[in-house]
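I opened a notebook for this chain and went through it topic by topic. My entries follow.

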Amino acid sequence: MVEYRIRPYRPEDAEAVREVFATGMSEYAPALCLHVLRQPWVLLVLGCTFCLLLASARSLLLPILAVTLLLALARHLLGYAWSAYIERCLADDLRDIAASYAESAGARFWVAEADERVVGTVGVRPATGDGDEELVLKRMSVRKDYRGLGIAAALGRAALAFARQSGRRAVVLNTLMVQHEARALYERLGFRRHRRYVLPTVYGRLANCTITTYRYDLTGTS
């Protein structure tokens, strides 16, 4: 059994934290591609393209090559878009973690350490527009080879304990439709589904990019 400990973030952890987060998020790219491929309009476009080319060329080779090319192009574009999203995250609160999760602002960031390196991360900070009532849980990630050891659950409990000790009303978080294991973890920790919506952008609607918000109510808990 690998031993680990949860401790507060230190400035020297910055690069390791960014690497853990970026690597973890990159793992969702194949699932995202599959999710988009399953959308009815995508299947319709691929099917129509195949049938039209088959009827005009009277050969299987051309439509197969065309559909294969379309799939490869779509995978490349989705991979690029997902990488751009990860880069935006790295340029946002993970650019200066100490400032983004400053204790003076009611925030906190933790890392999980094992084998003398950072293997997991999580942070909480006040929710925008809710004053000091709620905290947002962000940047939960654990290295793939250290999963299944209870590290993510320990990070989540540390965040909830901090929120409770700080007198907060609730902890909230967002998950994407492809984050099945993450949603299962949050539900085991006691989070409840609060709302579900499609990302309100053109690309979000086209890809049916669904966001599920989870909430952990601390009022009346001990």
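**Entry 1: the cores**

I began with the largest nonpolar core, which holds 30 residues. I asked which of its members touch the most others. They are Trp110, Leu137, Met140, Leu155, Val171, Tyr186 and Phe191. I note here that the model is a predicted one.

Next I looked up which elements give two or more residues to this core. Strands on that list are β2 (108-114), β3 (117-126), β4 (134-142), β5 (170-176) and β7 (210-217). Helices on it are α6 (151-165) and α7 (180-189). Which element gives the most? I found that α6 does, with nine residues.

I then noted another core that lies apart from this one. That core has 23 residues, including Trp82, Leu94, Ala107 and Phe109.

**Entry 2: around Trp110**

I listed the contacts of Trp110, leaving aside neighbours within four places in sequence. One group is Ile6, Arg7, Pro8 and Tyr9. Trp110 also contacts Gly120, Thr121, Val122 and Val124. Leu155, Ala158, Ala159 and Phe162 complete the list.

**Entry 3: the whole chain**

I stepped back to the chain as a whole. I recorded eight helices and seven strands. The C-alpha trace spans about 70 × 35 × 30 Å along its principal axes. What share of the 222 residues is buried? I have it down as 41%. I also checked contacts with a sequence separation of 6 or more. Of these, 64% join residues 24 or more positions apart.

**Entry 4: two residues of β7**

I picked Tyr216 and Asp217, and I found both in strand β7.

Is Tyr216 buried or exposed? Its relative accessible area is 14%, so Tyr216 is buried. Leaving aside neighbours within four places, I found Tyr216 in contact with Leu160, Arg164, Arg169, Ala170, Val171, Leu189, Gly190 and Phe191. I followed up one of these, Leu160. Tyr216 and Leu160 are 56 residues apart along the chain, yet their C-alpha atoms are separated by 8.4 Å.

I turned to Asp217. Its relative accessibility is 43%, so Asp217 counts as partly exposed. With neighbours within four places left aside, Asp217 is in contact with Arg169 and Ala170. I see both of these in the list for Tyr216 too. I also took the C-alpha separation of Asp217 and Arg192, which is 8.6 Å. Those two residues are 25 apart along the chain.

**Entry 5: cysteines**

I looked for disulfides. A pair needs its sulfur atoms within 2.5 Å. How many does that rule give? My count is zero.

I went through two cysteines. Cys33 is in no disulfide, and its nearest cysteine sulfur belongs to Cys209, 13 Å away. Cys209 is in none either, and its nearest cysteine sulfur is that of Cys89, at 12 Å. I checked accessibility as well. Cys33 is buried at 12% relative accessible area. Cys209 counts as buried at 13%.

**Entry 6: the second largest pocket**

I put its volume at about 160 Å³. Which residues line the second largest pocket? I wrote down Ala31, Leu34, His35, Arg38, Gln39, Met177, Val178 and His180. Helix α2 (residues 29-37) gives the largest share of the lining, three residues. By type, I sorted the lining into four nonpolar, three polar and one charged.

**Entry 7: positive phi**

I noted two residues that have a positive phi without being glycine. Glu116 has a phi near 65°. I found Glu116 in the loop between β2 and β3. With a relative accessible area of 80%, Glu116 is exposed.

Asn208 has a phi of about 50°. I located Asn208 in the loop between α8 (202-206) and β7. Asn208 is partly exposed, at 29% relative accessible area.

**Entry 8: Ser100**

My last stop was Ser100, in helix α5 (residues 97-100). What does Ser100 contact, leaving aside neighbours within four places in sequence? I found Asp92, Asp93, Ala107 and Arg125. Ala107 already appears in my notes as a member of the 23-residue core. I also paired Ser100 with Gly123, 23 residues apart in sequence. Their C-alpha atoms are 9.6 Å apart in space.

Terms used. Residues are numbered from 1 along each chain as its sequence is written. This is a predicted model: local features need pLDDT of at least 70, side-chain atom pairs count only at pLDDT 80 or more; totals for chains, interfaces and linings use all residues. Side-chain values use heavy atoms; hydrogens and water are left out. Buried means under 20% relative accessible area, exposed over 50%, partly exposed in between (1.4 Å probe, protein chains only). A nonpolar core is a set of buried Ala, Val, Leu, Ile, Met, Phe, Trp, Tyr and Cys residues joined through side-chain atoms within 4.5 Å. Helices (H or I, at least four residues) and strands (E, at least two) are DSSP runs, numbered from the N terminus. Contact means heavy atoms within 4.5 Å. On a 1 Å grid over the protein atoms alone, a cavity is a set of points where a 1.4 Å probe fits but cannot get out, and a pocket is an open set with protein on both sides within 12 Å along at least five of seven lines; lining residues have an atom within 4 Å of a point. Grid points are joined across faces, edges and corners, and a volume is the space filled by probe spheres set on the points. Ala, Val, Leu, Ile, Met, Phe, Trp, Tyr, Cys and Pro count as nonpolar, Asp, Glu, Lys and Arg as charged, and the others, Gly among them, as polar.
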